[in-house]
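Hello,

Here is the structure I promised to pass on to you. Have a look at it first, and then read my notes below alongside it.

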Amino acid sequence: MRPLHHLLPQPARVERVEHESADTRTFVLRLVRLVSDLDRAAPGQFVMLSLLGTGEAPFTFSQLPATGAAPGTVVLTVRRMGAVTRALFALAPGATVGVRGPFGRGFPLDRMDEPCVYVAGGCGLTPLRAAIDLQLARRAPGTPVGVLYGARDPATRIHRAALDAWRRLPAVRIVECLQEAPADWSGARGLVTAHVAPLVEATGARRAALCGPAGMLAPAAMGLRRAGIAAEDIHVVLERHMKCGYGTCGHCYLNHRYVCTDGPVFSLAELDALPDAFDSPADTWHQACP
Amino acid sequence: MLTGREVAVLPERAGIEALRAALARTRQLLEIRRGDAGSEWTAVSPDVPFEWARERPLGGAKRIFCPPEETLLVWHDATPALAEPEAAPVALVGVHPCDLAAIAYQDRFFARDPWYMRRRSQAVLIGIDCTAACAGGFCHAVDAGPFARDGFDVALTPLVDGRVIATPGTPAGRALLDALGLALEPAAAALSAAYEAARAAAAASFPERPFVADAIARVDGGRVTHGEWHALGVSCFACTGCTNVCPTCSCFTVVDEGDATAGTRSRVWDSCLLAGFQREASGHTPAPHPGDRVRRFWSHKLEQHFAAACGRVGCVGCGRCDVTCPGAIGALGVMARLGSG
């Protein structure tokens, strides 16, 4: 049978709520009882957040004990979108929620000494934040790390404190990119896809991680591949609707795989064999990609 | 295929009554009976004789182990606990081979699921081989019949001379036959020959449908074009009939009732043919067109990819989807349009 903490929501109290943007907040949850698997979770894995009487939804970790979060806490950055997130945003510190997990396959944790670029769009920065923090904590000094983060406009930027902290570290190159940039914006403009190749070149990256809205994934992945990164070394975080988290409800089917158990982190080489991974028909984008 | 197996022989069909009586001492008998709504699994008394002429029930045995609604959590005072289904011991007598294959498939799929396994562990399965094809069934084309290979506690094979071969498939089935005082012996050559003759006659009773194998090969090989799937999608009314009657479908959604203080969380049958099945809170869905969803459904039923996890392909050839589909895109309907021959 499955472990109890996969089936039964484990109680956690809302310890702190941090403002990220108008519709996005970071929730620091403290588990009432320790769940050692949650303390050992990897970037890219996720939990099912449970609000009794409202429902459950999957959320990935933005920080982890492995990246400096307090043991016994679960840190989730959440955008207000549906019924569960609306109810979550209405909770005050001290309120009780439930957490099941951790579920899924996160980012590979080896090769922390190799240059890597992280490409994020919108709230897709959240799973990458934990992965970036982990590499920055474990890399050999001077290993180049690039972060390319695209947002719609200045008000929708999230994880600003983390971005500022990374910017101050040696051998870290941050490119922030706005679709609707004000006149005084000093960063990049337009879509992230236009800035992939220069960042790969500047960092000498041999690996990449990618997370963002569905429409961004295929062109950004193609850009990374064209910039010379092998498909096996491009790690893509997929998002799907989920009800169980452990491969039973069927909602996250991706061809013959499950995003919840086989992913949510897949290499681009794996996704080549899963034509439903990206929204554009697989035959079209494969033809377009040399 | 009896060679080397130990079997018992009931001298006549009425011998099943002793088996039913023995089962009924500790379990509720469930058998297929025809009612106002058609054939369905029904609680019966062992005093009423067994009905050998059984139609494949449209609803199937799925709902006994994987019910349309299963309570997962119950909470009072805002503290949730796992719900434990009340599952009384039952014996399903007369399970068709296609449904035995489907139950074995779901047994593997739900092997680590406490709710399914609690219900399933309370059941004894007595299969009966089909001696002739049923209307719309094509179990022989997907290796799920007309004779059962496994998935039963005891399989019964009626022979034309009135005898019935009883083959145990599990230790529980063997114990049941032992308790009836039936001698279990390696099948003699003559008995094996009679079994093979019955199986050959059953297999020969299926209509010729050469398009079935061709269509399965095309779906499994990914050789059906997007255009063909979209043409089929036009005929999907998203009524969810196929997924409800399919004996291997088990996708569910989760529904909360009550409030944060007291309530329940249940899983309820869902359907991958519904437009909202994969829709995310943002409104994005990876399968926006009916053809995408029809393709996903049939890929799941016919691709060998899935056999690794569940022991066989998802389709058991029962033909129920053809009965229920208002758009004529049940299994044979789809295969007739995709296959040649």
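**Helix α7 of chain B and its partners**

Let me begin with a helix-to-helix contact: F211(B), V212(B), A215(B), R218(B) and V219(B) in α7(B) meet V334(B), M335(B), A336(B) and L338(B) in α13(B). Sorted by class, the residues of this contact are eight nonpolar, no polar and one charged. The two helices, α7(B) and α13(B), pack at an angle of about 85 degrees, and their axes are 8 Å apart. An angle from 65 to 115 degrees counts as roughly perpendicular, and α7(B) and α13(B) are therefore roughly perpendicular to each other.

Please keep in mind as you read that this is a predicted model.

Which residues does α7(B) use to touch α10(B)? They are I216(B), V219(B) and D220(B), and on the side of α10(B) they meet W298(B), S299(B) and L302(B). This contact divides into four nonpolar residues, one polar and one charged. Helix α10(B) covers residues 290-302, and it packs against α7(B) at an angle of about 110 degrees with the axes 9 Å apart. This pair of helices is therefore also roughly perpendicular.

One more residue of this helix is worth finding: D214(B) lies in α7(B), which runs over residues 210-220. Is D214(B) buried or exposed? It is partly exposed, because 15 other C-beta atoms lie within 10 Å, and a residue needs 20 or more to count as buried. For a sense of distance, D214(B) and A135(B) are 79 residues apart along the chain, and their C-alpha atoms are separated by 21 Å.

**The nonpolar cores**

As background, nonpolar side chains tend to be buried together in soluble globular proteins. Here, the largest nonpolar core has 92 residues, and Y118(A), V119(A), A208(A), L210(A), A221(A), L224(A) and V236(A) touch the most other members. Helix α7 of chain A, residues 214-226, gives this core its largest share, seven residues. If you select L210(A), you will find that its contacts beyond four places in sequence include V119(A), L217(A), A221(A), L224(A) and V236(A). There is also a second, separate core of 82 residues, with W229(B), V313(B), C321(B) and L338(B) among its members.

**Where the chains meet**

How many residues does each chain bring to the contact between A and B? Chain B brings 30 residues and chain A brings 28. On the side of chain B that touches chain A, β5 (79-82) and β11 (252-258) each supply at least two residues. The largest share of that side, five residues, belongs to β11(B). By class, that side of chain B holds 14 nonpolar, eight polar and eight charged residues.

**Some backbone details in both chains**

In chain A, a cis peptide bond joins G101(A) and P102(A), with omega about 5 degrees. P102(A) sits in strand β6, residues 96-103. Chain B has a cis peptide bond from G145(B) to P146(B), with omega near 5 degrees, and P146(B) is placed in the loop between β7 and β8 of chain B.

H159(A) is not a glycine, yet it has a positive phi of about 55 degrees. You will find H159(A) in the loop between β8 and α5 of chain A, and it counts as buried because it has 26 C-beta neighbours inside 10 Å. A328(B), also not a glycine, has a positive phi of about 60 degrees. A328(B) belongs to the loop between α12 and α13 of chain B, and with 13 C-beta neighbours inside 10 Å it counts as partly exposed.

Finally, try H5(A) in helix α1 of chain A. Its C-alpha atom is 5.6 Å from that of R100(A), although the two are 95 residues apart in sequence. Besides R100(A), H5(A) touches Q10(A), V35(A) and D37(A), leaving out residues up to four places away in sequence.

**How confident the predictor is**

Chain A averages a pLDDT of 94, with 96% of its residues at 70 or above. For chain B the mean is 95, and 99% of the residues reach 70 or more. Take care with residues 281-290 of chain A, where pLDDT stays under 50. For the complex, the predictor gives an ipTM of 0.92 and a pTM of 0.95.

Enjoy exploring it!

Definitions and conventions. Residues numbered from 1 in each chain as written. Chains lettered and ligands numbered in written order. Predicted model: local features only at pLDDT ≥ 70, side-chain atom pairs only at ≥ 80, totals over all residues. Contact = placed C-beta atoms within 7 Å. Helix = DSSP H or I, 4+ residues; strand = E, 2+ residues; numbered from the N terminus. Nonpolar A, V, L, I, M, F, W, Y, C, P; charged D, E, K, R; others polar. Core = buried A, V, L, I, M, F, W, Y, C linked by C-beta atoms within 7 Å. Buried ≥ 20, exposed ≤ 12 C-beta atoms within 10 Å, placed from the backbone. pLDDT = per-residue confidence, 0-100. Axes fitted to C-alpha atoms, helices over the stretch in contact; angles between N-to-C directions. Parallel < 35°, antiparallel > 145°, perpendicular 65-115°, else oblique.
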